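I opened this model to look up its annotated domain, its cores, its cavities and one helix. My entries follow in the order I made them.

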Amino acid sequence: MTDWTRSTAAELADALANGETTSVELTQAHLDRTAAVDGAVHAYLHVDAEGALAQAEASDARRAAGSPASRLDGVPIAVKDVLATQGLPTTCGSRILEGWIPPYDATVVDTLRRAGLPILGKTNMDEFAMGSSTEHSAYGPTHNPWDLDRIPGGSGGGSAAAVASYQAPLALGTDTGGSIRQPGAVTGTVGVKPTYGGVSRYGLVALANSLDQVGPVTRTVLDSALLHELVGGHDPRDSTSIDQPLPDLVAAAELGATGDMSGVRIGVVKELSGEGYQPGVLARFEESVELLVKAGAEVVEVSCPTFVHALATYYLILPAEASSNLAKFDAMRYGLRVYPDGVDAPSAEEVMRATRDKGFGDEVKRRIILGTYALSSGYYDAYYGQAQKVRTLISRDFEAAFAKADVLVSPTAPTTAFKLGEKLDDPLAMYLNDLATIPANLAGVPGISVPSGLADEDGLPAGFQVLAPALADDRVYRVGAALEKLLADQWGGPLLAQAPTLDGVAR
Ligand code: GLN
């Protein structure tokens, strides 16, 4: 019997089209896998078995009638718990939204439903997407399928771990500073942050509106392209959505998979490697660059001097936007309401204070304080205003670099997955994980992370990042798919084939 959980989404779509399986069978196989391993992995906050199977049945009926709604009709998917899902809990990994059931779907979720993808459930995340390890989830951390004592990356560790442990062939994530790409790197999966404005943000609970992007989390580059093409494109309900057709991403991934890189100029960003990066991560990065060169690419070294300020810039702009976004959690409109102890007739303000005190975790409070401070009158010019100026300089560095190279490359994350608890009490150490991913969010450019191999020190996955100019998302797919193919030829298959099977892991 075929184990459908091992197939890619593209393979599942073909099997459905050829009548080799049904969506009910596929969906049930993934739900069974979740029942077997998610006690140990904890990728999901909420599994919707009943809903997913009902959607699968409807999909099978469409197929039987000869009218599938899309190429991926019937292929199940997991969704990060920061995206509003009508009738399904949406907590953003926070206590403050416990019990909230959105009355509407995010545009991307609505698109999934219309295209016929059964939604398996909502995946775990750092509270309000603040973090790089998923340990800031109010509902307990997710465990890395490669080593259950390690973090799966963050904030979207749940989506990455679900895909890496074969609980879902596809997932949606969100990337504000690296939350799709960094979990991809440390779990040996593929993740894409699209061009800002390329995928609708309507119904995405905002962390930082000017940085957030929804994107695919998958096991192959082609699967990311398929999902990106499905959810991408203009949405009149998102005022920052770009009203322009997407490039042909699937064709770009297929072109890349030929392994021919001739005519492609690859810029190695001087500031995004070296000091602070684990030697094994750097070694896999350098070998990957060599492989691309052997396949015909031309390498140029580029310098983006302002990138060294990206982290500081991000940690002013993000908390500023987040502090304002999180003001809406006022105990009146959504989820939790806490009445202060020992107060007879508490005022609205007292209820608000008690609710926010209980409802928000430490990292969220830290960023609200930071953001409120940075925006206070008298400090605006020194902090937020200054950060916006540096943001412009970072975009200019990208422009100059893209004049010399078609894509820019770097390791995705400076290290492999660290141990649970290792950086939890050290916010700065946690922030440093996004050193290489943050510049893309500040400039709005697209980026992909593909597995580059296992680091020598610990045998854990490392990621290779490819960045392209805004609206040229096809380039990250071409180069990503080429590297994936060249490395698979070396390894004799995908990197994930080397991960522990987790069979019998339930604890
Ligand atoms: N780790 C980064 C942060 O904590 C990025 C988060 C994200 O992309 N959502 O802000």
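Entry 1, domain. I took helices and strands as DSSP runs, with at least four residues for a helix (H or I) and at least two for a strand (E). The model is predicted. I looked up the UniProt record, an unreviewed entry, which places the feature "domain: Amidase" at residues 25-476. Over residues 25-476 I read 38% helix and 13% strand. The end C-alpha atoms of that stretch are 33 Å apart.

Entry 2, cores. I asked which residues have the most contacts inside the largest nonpolar core. They are L83, F128, L292 and Y477, in a core of 116 residues. I also noted a second, separate core of 20 residues, which includes L31, A161, I180 and V217. In soluble globular proteins, nonpolar side chains tend to be buried together.

I then listed the contacts of F128, leaving out residues up to four places away in sequence. F128 touches C92, S94, I96 and L97, then V205 and L207, and further along the chain L326, F329, F360 and V364.

Entry 3, cavities. I searched for enclosed space and found two cavities of 30 Å³ or more. The largest cavity holds about 50 Å³. I wrote down its lining as A129, M130, G131, S132, G177, S179, Y314, Y315, R367 and D434. By class, that lining has four nonpolar, four polar and two charged residues.

The second largest cavity has a volume of about 30 Å³. V82, A129, T174, T176, L204, V205, L207 and D212 line this cavity. I sorted these lining residues into five nonpolar, two polar and one charged. A129 is in the lining of the largest cavity and also in that of the second largest. V205 and L207, from the second lining, are among the residues that F128 touches.

Entry 4, helix α4 and its end. I checked which residues of α4 (residues 107-115) are buried, and found T107, V108, V109, L112 and A115. These buried residues pack against the strands β2 (77-80), β3 (119-123), β4 (170-174) and β6 (214-218), and against helix α7 (221-231). After α4 comes G116, with a positive phi near 90°.

Entry 5, S59. I followed G116 to S59, one of its contacts. S59 lies in helix α3 (residues 49-64). Is S59 buried or exposed? S59 has a relative accessible area of 1%, so I logged it as buried. Setting aside neighbours within four places in sequence, I found S59 in contact with S23, D73, G74 and G116.

Notes
Residues are numbered from 1 along each chain as its sequence is written. This is a predicted model: local features need pLDDT of at least 70, side-chain atom pairs count only at pLDDT 80 or more; totals for chains, interfaces and linings use all residues. Side-chain values use heavy atoms; hydrogens and water are left out. A nonpolar core is a set of buried Ala, Val, Leu, Ile, Met, Phe, Trp, Tyr and Cys residues joined through side-chain atoms within 4.5 Å. Buried means under 20% relative accessible area, exposed over 50%, partly exposed in between (1.4 Å probe, protein chains only). Contact means heavy atoms within 4.5 Å. UniProt positions are given in the numbering used here, feature names are shortened, and annotations may be inferred rather than shown by experiment. On a 1 Å grid over the protein atoms alone, a cavity is a set of points where a 1.4 Å probe fits but cannot get out, and a pocket is an open set with protein on both sides within 12 Å along at least five of seven lines; lining residues have an atom within 4 Å of a point. Grid points are joined across faces, edges and corners, and a volume is the space filled by probe spheres set on the points. Ala, Val, Leu, Ile, Met, Phe, Trp, Tyr, Cys and Pro count as nonpolar, Asp, Glu, Lys and Arg as charged, and the others, Gly among them, as polar.
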